Amino acid sequence: MRNQASPTYQLFGDFLALSWADSHESMLSLRLLREACPCAHCRGEPDLLGRILMPAQQDKHNESSYQVTALSPVGLYGIQFTWGDGHYTGIYTFEYLRGLCDCDICRAESETEAP
Ligand SMILES: [Zn+2]
Ligand SMILES: [Zn+2]
């Protein structure tokens, strides 16, 4: 795991623009971010009682699901999004966000890093 210093970030239309400490820049679409929501609810992971929540939340998305109403920093390691449909439980670590960058450079890197 790489240790990422906190990037600076801002919303830019339908994208989140991130400027990383190593001067790399990422433009992640909000749609992609929402589809990649890491919370247990969206991932369909077992809850505390061991029940598997339906991973079919995707079906309930509407246009507002891909709009961001608030961005809150989470410690020094990530961002919490509040989406237009009220969903807010996903915490996106910077490492996770960096992993979502699919620019040519990052794609080449992940190919060489793949086990
Ligand atoms: Zn979620
Ligand atoms: Zn990249």
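This is a short talk on a single predicted chain, going from its overall layout to its two sheets and its core.

Hello everyone, and thanks for coming. Before the tour, some housekeeping. The model is predicted, with local features needing pLDDT of at least 70 and side-chain atom pairs counting only at pLDDT 80 or more, while totals for chains, interfaces and linings use all residues. Residues are numbered from 1 along each chain as its sequence is written, and chains are lettered from A and ligands numbered from 1 in the order in which they are written.

Let's start with the layout. The chain holds four helices and six strands; these are DSSP runs numbered from the N terminus, with helices being H or I of at least four residues and strands being E of at least two. Read from the N terminus, the order is β-β-β-α-α-β-β-β-α-α. Of the 115 residues, 13% are buried. By buried I mean that 20 or more other C-beta atoms lie within 10 Å of the residue's own; exposed means 12 or fewer, partly exposed is in between, and C-beta atoms are placed from the backbone.

Now, contacts. Two residues are in contact if their C-beta atoms, placed from the backbone, lie within 7 Å. Taking the contacts with a separation of 6 or more, 35% of them join residues 24 or more positions apart.

On to the first sheet. It is open, has three strands in the order S1-S2-S3, and its pairing is antiparallel. Strands count as paired if DSSP finds at least two bridges between them. At the edges sit S1 (8-12) and S3 (25-29), each pairing on one side only. From one strand to the next the twist averages 20°; the axes behind such angles are lines fitted to C-alpha atoms, for helices over the stretch in contact, and angles run from 0 to 180 degrees between N-to-C directions.

How many bridges hold S1 and S2 in their antiparallel pairing? There are five between S1 and S2, and Thr8 is found opposite Ser19 of S2. Two residues separate the strands in the S1 and S2 hairpin, where Gly13 has a positive phi near 60°. On its other side, S2 (residues 15-19) is joined to S3 by five bridges, again antiparallel, and Phe15 has Ser29 of S3 as its bridge partner. And is S1 mostly buried or in the open? Zero of its five residues are buried, so S1 lies largely in the open.

Let's move along to the second sheet. This one is also open, with three antiparallel strands in the order S4-S5-S6. S4 and S6 are its edge strands, each pairing on one side only. Ignoring direction, neighbouring strands here are turned by 25° against each other on average.

S4 (residues 68-74) and S5 run antiparallel and are joined by six bridges. Two examples: Ala70 has Thr82 of S5 as its bridge partner, and Ser72 faces Gln80 in S5. Their hairpin has three residues between the strands, and Gly75 there takes a positive phi near 55°. Three bridges link S5 to S6 (residues 91-93), also antiparallel, and Gln80 is partnered with Ile91 of S6.

Here is a general point to keep in mind. In a regular strand, side chains alternate between the two faces of the sheet. Strand S5 shows it nicely: Ile79, Phe81 and Trp83 point to one face and are buried, while Gly78, Gln80 and Thr82 point to the other and are not.

Why does Phe81 count as buried? Because Phe81 has 21 C-beta neighbours inside 10 Å. Beyond four places in sequence, the contacts of Phe81 are Leu33, Val68, Leu71, Tyr88, Gly90 and Tyr92. From C-alpha to C-alpha, Phe81 and Leu71 are 4.8 Å apart, although ten residues separate them in sequence.

For contrast, look at Gly86 in the loop between S5 and S6. Gly86 is exposed, with 9 other C-beta atoms within 10 Å.

Finally, the core. A nonpolar core is a set of buried Ala, Val, Leu, Ile, Met, Phe, Trp, Tyr and Cys residues joined through C-beta atoms within 7 Å. The largest one here has eleven residues, including Leu16, Leu28, Phe81 and Tyr92. Two or more residues come from each of S2, helix H1 (30-35), S5 (78-83) and helix H3 (94-100), and S5 gives the most, with three.

Thanks for listening!
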